[in-house]
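Let's take a friendly walk through a protein structure, one piece at a time. Keep the 3D view open as you read, and find each part as it comes up.

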Amino acid sequence: MRTLFSENILSPSPAPVPRPNPFELLLPSSAPAATSPSASVQSSPRQHEWLTQYLQSQQQRVESEEGVPLNHVLDDLRPQYARRKGNPRLLFMGLRKSGKTSVQKVVFQKMSPADTLFLEPTTRIETDSLQSFVTIETAEMPTHLSAALPTWDHHALFSTIGAVIWVLDIQDEYLSSIASLIETAVLLVEHHPRIAFEVFIHKTDGLSDEYKHDTFREVRQRVQDELSDLGHGDRSVSYYQTSIFDHSIFEAMSKVVQKLLPQLPAMETLLNKLCSTCRIQKAYLFDTGSKIYVATDASPTFLKDYEVCSDYVDVVADIKQIYGWRHHGRARAGEGEVAAVGESMVTYDQSGDTYVYLREIDDHLSLLCVMGKGSSVDKRVLIDYNVGILQQALLQVFKV
Ligand SMILES: Nc1nc2c(ncn2[C@@H]2O[C@H](COP(=O)(O)OP(=O)(O)OP(=O)(O)O)[C@@H](O)[C@H]2O)c(=O)[nH]1
């Protein structure tokens, strides 16, 4: 049987001494495009060595030509924000009634979207946390407090934040929201450049597609133009169209949380390997409680697949709510006993060829795989075996 990973994938044995390969192509002395500083992280030690030399030569060149200090060159080559150790911390900001509380309640507390009509206004900084595979901490800034006020100690507020989410109500007059958004973005880029800045262009439900896309483009363009005029054109801002009445808010929140997870590259690598080995069309790792996905493989995402997987996780979460969240069986399983594994499979298209396979990784994480022809019930043994190994690897990733 072809298996997915070697037993010691997380603690590989020391790399063998490289032997010269007579057929290997020699790299030219100038920098080729394929090995630019942004090339894949899966490069070999040899490539790393070459890359380091290339960076050093570039730094020396720039320093000697322009007298630019070494650190500045390195800063340009690094991503603008870095994943922090510790829990993802999100700060929600935006104008009055833009939907900040609703987003948190619907995504993290499973509140029904219709019930958000009766939410009270937020008058002070409110914090909350979701206990899951990691603890996701959220905070909301009341509208009357502006982060850009000179009397405001923004260091105390922002020093532990991973991402600021600006909620912009597209159904309201949004020019004043853009002005405050720019103020906050400039403050962040000048004092806290490592914080990711995300804009939710919110309440897109009930709008025509054309109006939605035009407004989305207009908001993005205005923000980019204003930031460029202020000399911060290179500041990366991510934009999402969201509504609490469909899946868009979960998808957007998934992408924001993923950016803050130091385990993301490891999870993506494991999912890519699983998909290629078992011929799986698409694999998602979902947080079972909140329906946000914390990682997916590199293949293209289709909205329909995501929606089906998301609804399926919802059903499983509801059933777990009724029959108990904890795996008492697993907790009691002693040595030699086989622990209970939460696993299920459904087919969802009319031809019956497409399956969704769900397997619980632990109490909070679920693996969902969309499988088509060529990777179905007849390959079940192989899939189960490989998913079992993936499960062990993931548990170790989160244990470290
Ligand atoms: N149509 C639509 N309405 C929404 C959406 N999200 C929130 N709302 C509504 O917007 C209103 C305001 O929502 P809140 O969550 O209280 O907004 P907020 O920004 O927290 O408000 P303050 O705390 O007063 O600043 C509520 O009536 C929600 O039902 C959405 O995606 N679509």
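This report visits the ligand, then two helices, a strand pair and a few single residues.

**Around the ligand**

Keep in mind that this is a predicted model. The ligand is surrounded by 20 residues, and the closest are Gly99, Thr101, Ser102, Pro121 and Thr122. Sorted by character, the shell around the ligand holds 5 nonpolar, 10 polar and 5 charged residues. Which helix gives the most to this shell? That is helix α3, residues 100–109, with 3 residues.

**Two helices**

Start with helix α8, which covers residues 264–278. A rise of 1.5 Å a residue predicts a span of 21 Å for its 15 residues, and the end C-alpha atoms are indeed 21 Å apart, so the two values agree. Which residues of α8 are buried? They are Met267, Leu270, Leu271, Leu274, Cys275 and Cys278. Looking down the axis of α8, these buried residues fall within an arc of 135°, so they line one face of the helix. A general rule helps here: an α-helix has 3.6 residues a turn, so residues three or four places apart point the same way. What do the buried residues of α8 pack against? Their partners are β7 (282–287), β8 (293–296) and α11 (380–399). After α8 comes arginine 279, with a positive phi near 55°.

Helix α7 spans residues 248–259. Its 12 residues reach 17 Å from the first C-alpha to the last, close to the 16 Å expected at 1.5 Å a residue. Helix α7 is mostly covered, with 9 of its 12 residues buried. Among the buried residues of α7 are Ile249, Phe250, Met253, Val256 and Val257, and the list also includes Glu251 and Gln258.

**A pair of strands**

Now find strand β10, residues 355–360. Of its 6 residues, 5 are buried, so the rest of the structure largely encloses this strand. In which sense does β10 pair with strand β11, residues 365–371, parallel or antiparallel? The pairing is antiparallel and runs over 6 bridges. A hairpin of 4 residues joins β10 to β11. To see the pairing up close, look at tyrosine 357, which stands opposite cysteine 369 in β11.

**Residues with a positive phi**

Most residues other than glycine have a negative phi. The table lists residues that have a positive one.

| Residue | Phi | Citation |
|---|---|---|
| Arginine 279 | near 55° | |
| Lysine 203 | near 65° | |
| Lysine 291 | about 70° | |

Lysine 203 sits in the loop between β5 (196–202) and α6 (209–229). Is lysine 203 buried or exposed? It counts as buried because it has 22 C-beta neighbours inside 10 Å, and the cut-off for buried is 20 or more. Lysine 291 belongs to the loop between β7 and β8. With 24 C-beta neighbours inside 10 Å, lysine 291 also counts as buried.

**One exposed residue**

Last, look for aspartate 318 in helix α9, residues 303–323. Aspartate 318 is exposed, because it has 11 other C-beta atoms within 10 Å, and a residue with 12 or fewer counts as exposed. How far apart are the C-alpha atoms of aspartate 318 and leucine 119? They are separated by 24 Å, while the two residues lie 199 residues apart along the chain.

Note on methods: Residues are numbered from 1 along each chain as its sequence is written. This is a predicted model: local features need pLDDT of at least 70, side-chain atom pairs count only at pLDDT 80 or more; totals for chains, interfaces and linings use all residues. A residue is near a molecule or strand if its C-beta atom, placed from the backbone, lies within 6 Å of it. Helices (H or I, at least four residues) and strands (E, at least two) are DSSP runs, numbered from the N terminus. Ala, Val, Leu, Ile, Met, Phe, Trp, Tyr, Cys and Pro count as nonpolar, Asp, Glu, Lys and Arg as charged, and the others, Gly among them, as polar. Two strands pair if DSSP finds at least two bridges between them. The expected span of a helix is 1.5 Å times one less than its number of residues. The arc is that of the directions from the helix axis to the C-beta atoms. Two residues are in contact if their C-beta atoms, placed from the backbone, lie within 7 Å.
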